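Me: I would like to learn how to read a structural model feature by feature, with the general idea before the particular case. Could we work through one together?

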Amino acid sequence: MNPEDVIICRCSDVTLQDLYDLFEQGYETYEELKRIARVGMGPCQANTCGKMVQWEISKAFGIPLEEVDIRNTRPLTMGVKLSSIEAQADEE
Amino acid sequence: MKNSAQVVIIGGGISGCSIAYHLADEGVKDIVVIERHYLTSGATGRCGAGVRQQWGTKMNCMLAKKSVDFFENATEILRYDGDIEFKQEGYLIIASDAEETARFEKNVALQNSLDIPAKALDRQGALDIVSHLNPEEVHSATFCPTDGHLNPFTMTDAYYKAAKRLGVEFYTYTTVLDILTENGEVKGVVTDKGNIETANVINAAGGYSKDIGALAGIDIPIYSRNHEILVTEPVEKMQGPMVISFSKNIYCQQTPHGGFIMGRGDKNAPKGLDIGSNWGFLDAMSKTLKRLLPPLAELRVIRQWGGLYNMSPDSQPIIGGTKDLKGFYMACGFSGHGFMLAPMTGLLLAELMTGKTPTMPLEALSLERFDDAESFESEQSVV
Ligand SMILES: Cc1cc2nc3c(=O)[nH]c(=O)nc-3n(C[C@H](O)[C@H](O)[C@H](O)COP(=O)(O)OP(=O)(O)OC[C@H]3O[C@@H](n4cnc5c(N)ncnc54)[C@H](O)[C@@H]3O)c2cc1C
């Protein structure tokens, strides 16, 4: 399949070809790729693309999968409306 | 890794990358940047991406104004192939009461005297610019249309690529462990990947600058503190400018990508190097937001994180050398606004180190200004 047609990150619209281009330019870790291409920064917070990016890094640089640093997971685990937080907030 | 260099820069944030570019641009050869993780892994990649010139001290105003002049042309100057997303749609600073209004009016007079096109607005003037503000929370406001947003990742990348083209070498995932000195002069740095002999070290280590100073035996009067921030899901464009209030403790802007980023400080957060995320931040932020910008409370938060403010005694940066150690230079103590000042940070240090007359006088940015506790003027316009 044409790497330009393979979507890796649906939230930020990053294709497999985009990853190949970034590897070529020297961005080799998940954290570096995230900051240039926004992969994993969208509403799903890398729940879709995280594993795939790890796998592509592993293949591209010949690093065993279990040694590829995975993304840093940050709160919240799912999107929450600020007004819902406000409604539950502690009184001053 | 090379074992000697003309200049070793510690820290691959916006400051280190800008300094590297400007030094190389001034003709300095053999420059090395050492970064413990990846570029932008420090405060730079965690910041609010805001660029403003509406400051309360002359020095901060001048640094910010000249930096904006650079950002306006940065893509061409640095020949960058990406998008730095410099969006100049202004900063709207909200005053909560008569006292703040009076202070801001003075600030605007200072800003105008330095060619910064800020203006004072009444409540209606503020609402004309951001209509979803809660009028009850607004006493008055000031607005500068040339302030705005800039992407920290790509801006750093632009400096990095331009510096690399000029021959600068970057060592990422490399940690500086020690600085070697002899008879009051810098001799080299020790890293976990080897030693580099050098006569010039630049401390651009952000939140870790005090520790880097200590390695060289220089006591820098700065400390670090965690500042938290969040981003929402991307939505259709609904807000042009950054909205900020010092008294309400909030800054909030919509990025070109559509997500809103917003942050606030916590004076009770312990000093130190922790950058964890706390529930209390979401709690306080949701309340302030709901009061000041009610419709934005309907947005979903998708991520929160923290980063270090590196605070100096007057909330202005320390840029320069020190008489106590030849070859040791500092670019630290940015006090929460070092991203937007980076062009001047790089230019001023490069001018100083190559013996040129600096674009701006450096005394007010020197480490020595703090020797006389009475002599410095503090910046009040900070979140
Ligand atoms: C939440 C938040 C919001 C902010 N919002 C804004 C804003 O809107 N506008 C603005 O202008 N500023 C803002 N700031 C401030 C701004 O982020 C900083 O002033 C600026 O990024 C500092 O850049 P720097 O390059 O000096 O430091 P950093 O970006 O912190 O870089 C220092 C680097 O040094 C490295 N390092 C440290 N120790 C060592 C070592 N021993 N060996 C090797 N490397 C080392 C670190 O890994 C780090 O990458 C904000 C800060 C925070 C935390």
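Reply: What follows takes the ligand site, then the domains, the chain interface and some backbone details, in a model that is predicted.

Me: Which residues come nearest to the ligand, among the 38 around it?

Reply: A residue belongs to such a shell if one of its heavy atoms lies within 4 Å of the molecule. Here, B:S15, B:E35, B:T44, B:G338 and B:M340 come nearest among the 38 residues around the ligand. By class, this shell is made up of 18 nonpolar, 17 polar and three charged residues.

Me: Which polar atoms does the protein place by the oxygen atoms of the ligand, and at what distances?

Reply: A polar contact is a pair of N or O atoms within 3.5 Å, and it is useful to separate side-chain partners from backbone ones. In the side chain of B:E35, an N or O atom is 2.6 Å from an oxygen atom of the ligand. The backbone contributes as well, with an N or O atom of B:A43 lying 2.9 Å from a ligand oxygen and a polar backbone atom of B:F339 at 3.1 Å from a ligand oxygen. Of the 1,000 Å² of accessible area that the ligand has on its own, the protein covers 96%.

Me: Which elements of chain B each supply at least two residues of the shell?

Reply: One can read a binding site by tracing its residues back to helices and strands, and then to domains. In chain B, α1 (14-25), β13 (223-232) and β17 (300-311) each supply at least two shell residues, and β17(B) gives the largest share, three residues. In terms of domains, at least three shell residues come from each of domain 1 and domain 3 of chain B.

Me: How is chain B divided into domains, and how much area do domain 1 and domain 3 bury between them?

Reply: The division gives domain 1 (7-47 + 153-222 + 314-371), domain 2 (91-145) and domain 3 (224-306). Taken over C-alpha atoms, the centres of domain 1 and domain 3 of chain B are 29 Å apart, and four residues of domain 1 are in contact with six residues of domain 3. These two domains bury about 500 Å² between them, with 51% of it on carbon and sulfur atoms. B:R46, B:G207 and B:Y208 supply 73% of the area that domain 1 buries against domain 3, more than any other three residues.

Me: How many residues of chain B are in contact with chain A?

Reply: An interface can be read first by its contacts and then by its buried area. In this model, 32 residues of chain B are in contact with 28 residues of chain A, and the area buried between the chains is about 2,800 Å², of which carbon and sulfur atoms give 58%. B:Y38, B:I302 and B:R303 supply 22% of the area that chain B buries against chain A, more than any other three residues.

Me: Where in the backbone is there a cis peptide bond, and which residue other than glycine has a positive phi?

Reply: Both features are read from backbone torsions. The cis peptide bond joins A:P75 and A:L76, with omega about 0°, and A:L76 is in the loop between α3 (50-61) and β3 (80-81) of chain A. The positive phi, near 65°, belongs to B:D30, which is found in the loop between α1 and β2 (31-34) of chain B.

Note on methods:
Residues numbered from 1 in each chain as written. Chains lettered and ligands numbered in written order. Predicted model: local features only at pLDDT ≥ 70, side-chain atom pairs only at ≥ 80, totals over all residues. Heavy atoms only, no water. Polar contact = N/O pair within 3.5 Å; in protein donor to acceptor, adjacent residues only side chain to side chain. Areas by Shrake-Rupley, 256 points an atom, 1.4 Å probe, with all protein chains shown as cover. Helix = DSSP H or I, 4+ residues; strand = E, 2+ residues; numbered from the N terminus. Nonpolar A, V, L, I, M, F, W, Y, C, P; charged D, E, K, R; others polar. Domains from an automatic or database assignment. Contact = heavy atoms within 4.5 Å. Buried area = accessible area lost by both parts, 1.4 Å probe.
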